[in-house]
Amino acid sequence: MVAPSKPVTSKPDEVKPEMGRTVRFTIHRCDGPGKAARWESFDVPIEPGSNIISVLQYIAAHPVTIEGKRTTPVVWDSGCLEEVCGACTMVINGRVRQSCSCLIDHIAPRNGDEVTLEPMSKFPVVRDLWVDRERLFYNLRRVKAWVPIDGTYDLGAGPTENPDKQETRYKLSTCMSCGCCLEACPQFNLEEDPEHWDSAFIGAHAISQARLFNEHETGKQLKRDRLDELMGPGGVSDCGNAQNCVKVCPKEIPLTESIGAMGRAVTIHSLARFFAGKK
Amino acid sequence: MSNEKSSAVAAQHFLLRRLHSLTGIVPIGVFLIAHLTTNSSLLWGKIGLRGEPGPDGQPYTFQDGGVAYFWKEVFWINSQIPHLLLIEITLWVSIAFHSILGWYYATTGKSNVKRYPHQDNWRYSLQRWSGYIGIFFIFYHVATLRWGWTWLVPSGTKWSHDYSVSTLAAALQGSTEGWTAAGLLVSLFYFVGITLLVFHFANGLWTAAITWGLTVSEAAQKRWGFVCAALGVGMMGLAWASLYGALAVNPQDARVVEEQLLESKGKSGVPTPTGRETAAPADGD
């Protein structure tokens, strides 16, 4: 198979979906880490309301390419099937998004339309459309994206939360760690060697989560640790302001505002450290 | 995790990043504004003279007015600004620092405008490309017109303070007698270079505000974007006016004006920039 030509797609709801149509899915396949990649195409009869996941289920049941060659079922990752877990994120028609919430009626309403499916390119491929997002979670640990309440005794009630801050935090808290912002980011690139994870760009998701927990009255106990990390190599200053992250975020989290907010926080933090800090 | 990295390295990383951002604005960006304002006087200089007559008592033509005003600006800079060499070295060091670091930073990214053709993403890529090309342009510009690397100039014109307009025009046009193919190439390089660098500054000013945390909300980033765009358009006008001014000048006509100005400065006892009372015409072009 050669790489597919530009897929024929329509804008959502522009075209009324044709009943009983067949759509061609061209999928970027790879049998495992280090194995050669290839393209395979499948013609799939579309049922009303089907999504990418149901198409992949059909292909798993009928793993025959358009050349009539029998192949292995396509492997993918998924969890919730309602766009809150992020596991089924992949590159659909060249754009990263969740496959569960991607309806065929929207992206391929006509008979003979084509759709390409690729795994995210910024994470190592496990197999076919399934990638290993470990670095994403590692980067959340880099900024200690949690509230420190673990211990051996009851800490009592926490401090009062400011409703304004709660409102800011609510939007940030909807992050599902899917990886869309990282896939679209020109500064976040594939890094298979975990040795380099500490100095490579941390990504919009972690910057935004650092903001979330710094805005939390109990979470802010770790504020200085988070800001120290964001000042270091791969921190917030490695952002190139391409602002793709905010445009592909399925939860419409204001990631670029978080980047600006953390830019401000590290500016203040660095001045405070310079003039008053001990180290 | 974070404690594996020494805080010294982390602090250095941050300091270098912020210095890279800062040097782009001060001194480089501030200098660029002053530089373009001065240079564009080649076009609007006649207005700046406010009806002041030439050394022969006759009012200047529009063209000669530009020549005379620019010449006086250059004269003033070179005779009145103290510690000029120190200022120059500060600029060169800042530009070298900003260039080397910027080049390194740019290599850490991988452009993806094909997949995500958003306006912001285009500017991300253009910021890097304008940097790469801008470095070569600035180097050529300073090496030929300031450091006297005449072997890089078509017909080997050496820029001089005393003949600031005629030698500039000849260096860009390729000769004192009019356009040459090499001159056309140099002028084209100038057009591309100044255009990209003005964009680089205006866009860099916009991203710097996010980097430092001045603009946080999307609305603030948008507002500041309009300010940067307006500044960029204004500076682009100055940049293009400068280039047009230099390209429209006839080097031989400019030479006549310069000789008159040199003579009048000599008469008034004011030393010329190069320290000669009344300069004899330089050899060559």
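## Core, domains and chain contact in a predicted model

In the largest nonpolar core, which has 118 residues, the members that touch the most others are Cys181(A), Ile207(A), Leu230(A), Cys245(A) and Met262(A). H6(B) supplies the largest share of this core, 13 residues. Domain 1 (22-130) and domain 2 (133-276) of chain A each give the core at least three residues. The model is predicted. In soluble globular proteins, nonpolar side chains tend to be buried together.

Take Met262(A) as one example from the core. Which residues does Met262(A) contact, leaving aside its neighbours within four places in sequence? They are Ile207(A), Ala210(A), Arg211(A), Leu230(A) and Val236(A). Two of these names, Ile207(A) and Leu230(A), also stand among the core members that touch the most others.

### Chain A: two domains and a hairpin

The domain assignment splits chain A into domain 1, residues 22-130, and domain 2, residues 133-276. Their C-alpha centres lie 31 Å apart. Where they meet, 14 residues of domain 1 of chain A are in contact with 16 residues of domain 2 of chain A. On the domain 1 side, the elements that give two or more residues are strand S3 (89-92) and strand S4 (95-98) of chain A. S4(A) gives the largest share of that side, three residues. By class, the domain 1 side holds seven nonpolar, four polar and three charged residues.

Chain A also has a hairpin, built from S1(A) and S2(A). Strand S1 of chain A covers residues 22-30, and strand S2 of chain A covers residues 37-45. The two run antiparallel, joined by nine bridges. Across the pair, Thr26(A) stands opposite Ser41(A) in S2(A). Six residues lie between the strands. In this hairpin, Gly34(A) takes a positive phi near 85°.

### Chain B: helices throughout

What makes up the secondary structure of chain B, in helices and strands? It has eight helices and zero strands. Along the sequence the pattern reads α-α-α-α-α-α-α-α. The C-alpha trace of chain B spans about 75 × 40 × 35 Å along its principal axes. Of the 285 residues in chain B, 35% are buried. Among contacts in chain B with a separation of 6 or more, 67% join residues 24 or more positions apart.

Helix H7 of chain B runs over residues 218-248. It has 31 residues. From first C-alpha to last it reaches 44 Å, close to the 45 Å expected at 1.5 Å a residue. The buried residues of H7(B) are Gln221(B), Met235(B), Leu238(B), Ala239(B), Ser242(B), Leu243(B), Gly245(B) and Ala246(B). An α-helix has 3.6 residues a turn, so residues three or four places apart point the same way.

### Where the chains touch

Here 30 residues of chain B are in contact with 36 residues of chain A. On the chain B side, the elements that give two or more residues are helix H1 (7-48), helix H4 (119-145), helix H6 (181-211) and H7 of chain B. H1(B) gives the most, with five residues. The chain B side has eight nonpolar, 15 polar and seven charged residues.

The table sets out the two contact sides by class.

| Side | Nonpolar | Polar | Charged |
|---|---|---|---|
| Domain 1 of chain A, touching domain 2 of chain A | seven residues | four residues | three residues |
| Chain B, touching chain A | eight residues | 15 residues | seven residues |

Conventions
Residues numbered from 1 in each chain as written. Chains lettered and ligands numbered in written order. Predicted model: local features only at pLDDT ≥ 70, side-chain atom pairs only at ≥ 80, totals over all residues. Helix = DSSP H or I, 4+ residues; strand = E, 2+ residues; numbered from the N terminus. Expected span 1.5 Å × (residues − 1). Buried ≥ 20, exposed ≤ 12 C-beta atoms within 10 Å, placed from the backbone. Contact = placed C-beta atoms within 7 Å. Domains from an automatic or database assignment. Nonpolar A, V, L, I, M, F, W, Y, C, P; charged D, E, K, R; others polar. Pairing = 2+ DSSP bridges. Core = buried A, V, L, I, M, F, W, Y, C linked by C-beta atoms within 7 Å.
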